[in-house]
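Q: I've got this one open on my screen and would like to talk it through. Could we start with the smaller pieces and work up from there?

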Amino acid sequence: MTSAPASVHACSVLHVDMDAFFAAVEVRDDPSLAGKPVIVGGSGTRGVVASCTYEARAFGIRSAMSSVEARRRCPEALFVSGRYWRYAEVSAELHEVLRGFTPVVEPIGLDEAFLDVRGAIRLLGEPVVIARSLRAEVRRRLSLDCSVGAARNKLLAKLASEAAKPVATARGPRPGPGVVVVAPEDELSFLHPLPVRALWGVGPSTAARLTGIGVVTVGDLAAVPPDTLCRLLGNAQGRHLAGLAVADDARPVVAEREAKSIGHEETFARDLHDHESLHPILVRMADAVGERLREAGLRARTVTVKIRFADRATITRSHSLAAPTASLRVLRAVAGELLASVDVGPGIRLLGVAGSALTGGSDSRQLTFDEVGEPGSPDAPARDPGEAAEGRGQGAPRPASEASWQEVEAALAAVRARYGQSAVGAASLVGPGGLAVKRRGDTQWGPSAEGVAPGPADARTPGRGEPTGPDG
Amino acid sequence: MKFRCERDTLVDALTTASRAVTSRGATTTSLNGIRVEVAGNRLSVVGTDLDLTVRVEGEAIGLDDGVLVAPARLAADIVRALEPGAVTVEGGEDEVEISAARSRFVVRTYPVEDFPVLPEPRDDQVSLPSAVLAEALRQVVRAASGDDARPLLTGVLVAAEGEGTRFVATDSYRLALRDVAGTGPLPAGTEQILVPARALTELQRLLPGGGKDDTAKEVGFSVGELDATFSVDGVRLTTRLLDGRFPDYRQLIPPGYPNQLRVAKEGLIDALRRVRLLVRDNTTPVRLTMRSGTVELTVVSQEVGHASEDVDAQYEGEELTVAFNPTYLLDGVEAVLGDEVLLETLDATKPATVRSPEHDDYRYLLMPVRVS
């Protein structure tokens, strides 16, 4: 192999960023949306834009904008409620493609990743070659577009992928370069004309302070003595920005770490005030957490319930178990107790359930007295209603032992794996619309406009792979 | 109000009473407060979170009768930090001045009328020998649950049992049961009460071996409809009683055990502590393999390594391996009185019992850990 200039090899950090990811997945799955302003997000009054097509961006619509504002800017925009599980599927395919190039892939959310391709150069060629073939491979395997930036570090690679993006115009999206490489000798000329807002860690308030001392571009920032920055922004941030301004970013690409917690949460279309309507939702979320724990071969020792009240005050209630669990029954019971301890009268806007302190490995399990009285035990206890009222634990009605529950849950998991999430579930989740099933990220961005009280009745979430029609 | 007293007396009173003051964000600010009253030369300091109330009575040089409610933790911190010697406390309109030597603190107080009105203690007290109570509590309170999600299990059952009194606690993984001879402290007509373990933990601090030097011989005890009061050495601890039926623990106790392991207590404790060094999370069990003449303790910790130790023992029964949470097992073995302990087992999934081979007034039931 002919030796390329060392400077090109130095650009071994790649940033891959899918173009309008969620919206692009929707358009791909439903070609009738192609070429239209499509917004993925909550269409209700509390919804936000999660993603939108370049056609929608031409109207000034951006991610994280409120849906109300988006609709004002473009009344004809088509709202699609998010199908997070679908994006997660596509994302998994994406990461599989990326790992085909190098094992050192650091995913950032579903649609972005950093790659360190140093180890792949010998085999696959210079970073720019890898970047191009990576982009082609994503196109071929996923029928989706991405932009790739290649540079010496993460900061520059991310800015480079931004520069590689298509541009929204009134006459439709104009394709971008797709791949942008920032060679070491070009770093400052690339970086310095950019606005300071482009840098990580520069939000509106920092930007305002910097504007106050006449700093608008990164180049302006590089001209400010680091001491002055430290005085203005504090030591840590001052030094951090002074470094970034001269393209100094030492953070390595770190391959994916293990999940620290597994959880689900849901924002309701209207505030819920009673345990009767909250409980089935909680059960659904606890089940979803349990399923994901099981899939990942993990168990959680701590169960947390998150509650956001109507006034947006948010509390969490946690409980640590003596032994980690993936049991739906235990998760439901613990989450149920935690929720029951909260006064929901003021109105609940969001509810979440998460499992943390995750462990895998050993299958040992602390038995409890609740399990005494298995068949063969001479004095299987007859439970009286007074005790049952105590709820989980000693008093919980318990026709079967913990061991047989585990077998039941394993069997249920197998049924769901084969026939789908809605095939079987808790009786309390069945309503007129069938079985309500919580999917990861169902209402990430706020509930749908017509979303009534969540619960069995809103089990109209489309099945896997089905396109969602515009509902706005 | 105004009084003067020794710093150490005041520190003691403030610290003891403020242990009842809730640490988890009280609903009213005055619950973060501690009530200090002086009448003549009697000083009384009261802290409460409504569930638990601690009232400390002591001597002071009263200069002016009165009452104030000060922020509990701050007041205790200030007085503790003062130089040894006399401390003068003087309450004003809405502040209190605490001074000693050349230090002077002025701290805002809470409205006295916001402090909860607490029930006056009853006078129908019975006396308990404090050493017996201390021993029973040490043996039983450890098995109570710390988990507020199961309120009844955070209590210790005190029940009339035959000629004596029985103390029982369980967190559903283990159960400790102690019988105390004597007609017991329960008033006639009351069969059982459920006392929050938290209150008993505080009571333990006031009893012999609980950290205080001057130990009282007797503990006064009275039970009301909703609460119970313990009096020790000028400290009165009143706790709300838990309301509900304690689980029926009797059906958990197996009628007999086919396997009996008899072993020297200290040797077993030492061995358990050694092998427990490899336990990295509380899901790792210790396995006890029991066979004639010996018990082998094994800990296998996936990421760390493994350890084993043989302990001499007398064993009657078939060869058997049972796994336990090592901390729960140690809790039980340490609670047994005497030089030897008896571990009785049915099989690897049924409750085992830890007790003394001589006495059966204490029993510690423990559920195994199932390993697969």
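A: Yes, and one term comes first: two strands pair if DSSP finds at least two bridges between them. This is a predicted model, and in it an open sheet of three strands in chain A has the order β3-β2-β4, with mixed pairing.

Q: Which strands stand at the edges of that sheet?

A: The edges are taken by β3 (49-52) and β4 (78-80) of chain A; each has a single partner strand, so one side of each is left without a neighbour in the sheet. Direction ignored, neighbouring strands here are turned by 30 degrees against each other on average.

Q: And how many bridges are there between β2 and β3 of chain A?

A: Strand β2 (residues 38-41) of chain A pairs with β3(A) in the antiparallel sense over three bridges, and A:Ile39 stands opposite A:Cys52 in β3(A).

Q: Changing topic, what is the order of strands in the open sheet of four?

A: In chain A the order is β9-β12-β10-β11, with antiparallel pairing. At the edges stand β9 (261-272) and β11 (314-325) of chain A, each with a single partner strand, so one side of each has no neighbour in the sheet. On average, neighbouring strands of this sheet are turned by 15 degrees against each other, direction ignored.

Q: What stands opposite A:Val303?

A: That is A:His319 in β11(A); strand β10 (residues 299-309) of chain A and β11(A) pair in the antiparallel sense over eight bridges.

Q: Which helices lie across those strands?

A: Helix α14 (residues 275-296) of chain A lies across β9, β10, β11 and β12 (348-359) of chain A, running at about 160 degrees to β9(A), while helix α15 (residues 328-340) of chain A lies across β10, β11 and β12 of chain A, at about 145 degrees to β11(A).

Q: At what angle do α14(A) and α15(A) pack?

A: They pack at an angle of about 140 degrees, with their axes 9 Å apart, which makes α14(A) oblique to α15(A). The crossing of α14(A) and α15(A) is right-handed. The contact involves a list of residues, including A:Leu278, A:Leu282 and A:Val289 of α14(A) and A:Leu331, A:Ala335 and A:Leu339 of α15(A).

Q: What about α10 and α12 of chain A, how do their axes cross?

A: The axes of helix α10 (residues 204-212) of chain A and α12(A) come within 11 Å and cross at roughly 125 degrees, and the two helices are therefore oblique to each other. Here α10(A) passes α12(A) in a right-handed crossing, where A:Thr206, A:Arg209 and A:Leu210 in α10(A) meet A:Leu229, A:Leu232 and A:Leu233 in α12(A).

Q: Is A:Val224 buried or exposed?

A: A:Val224, which is in the loop between α11 (218-223) and α12 (226-233) of chain A, is buried, because its relative accessible area of 14% falls under the 20% cut-off. Leaving aside neighbours within four places in sequence, A:Val224 is in contact with A:Ile213, A:Val215 and A:Leu229. A:Val224 and A:Gly214, ten residues apart in sequence, are 9.8 Å apart in space, C-alpha to C-alpha.

Q: Last thing, where is the pLDDT below 50?

A: The mean pLDDT of chain A is 79, and 78% of its residues reach 70 or more. Over residues 374-399 of chain A, however, the pLDDT is below 50, and this stretch has 45 contacts in the model beyond near neighbours in sequence. Residues 449-472 of chain A also have a pLDDT below 50, with 60 such contacts in the model.

Key: Residues numbered from 1 in each chain as written. Chains lettered and ligands numbered in written order. Predicted model: local features only at pLDDT ≥ 70, side-chain atom pairs only at ≥ 80, totals over all residues. Heavy atoms only, no water. Axes fitted to C-alpha atoms, helices over the stretch in contact; angles between N-to-C directions. Contact = heavy atoms within 4.5 Å. Buried < 20%, exposed > 50% of the residue type's maximum accessible area, 1.4 Å probe, protein only. pLDDT = per-residue confidence, 0-100. Parallel < 35°, antiparallel > 145°, perpendicular 65-115°, else oblique. Left-handed = near helix turned anticlockwise from the far one by under 90°.
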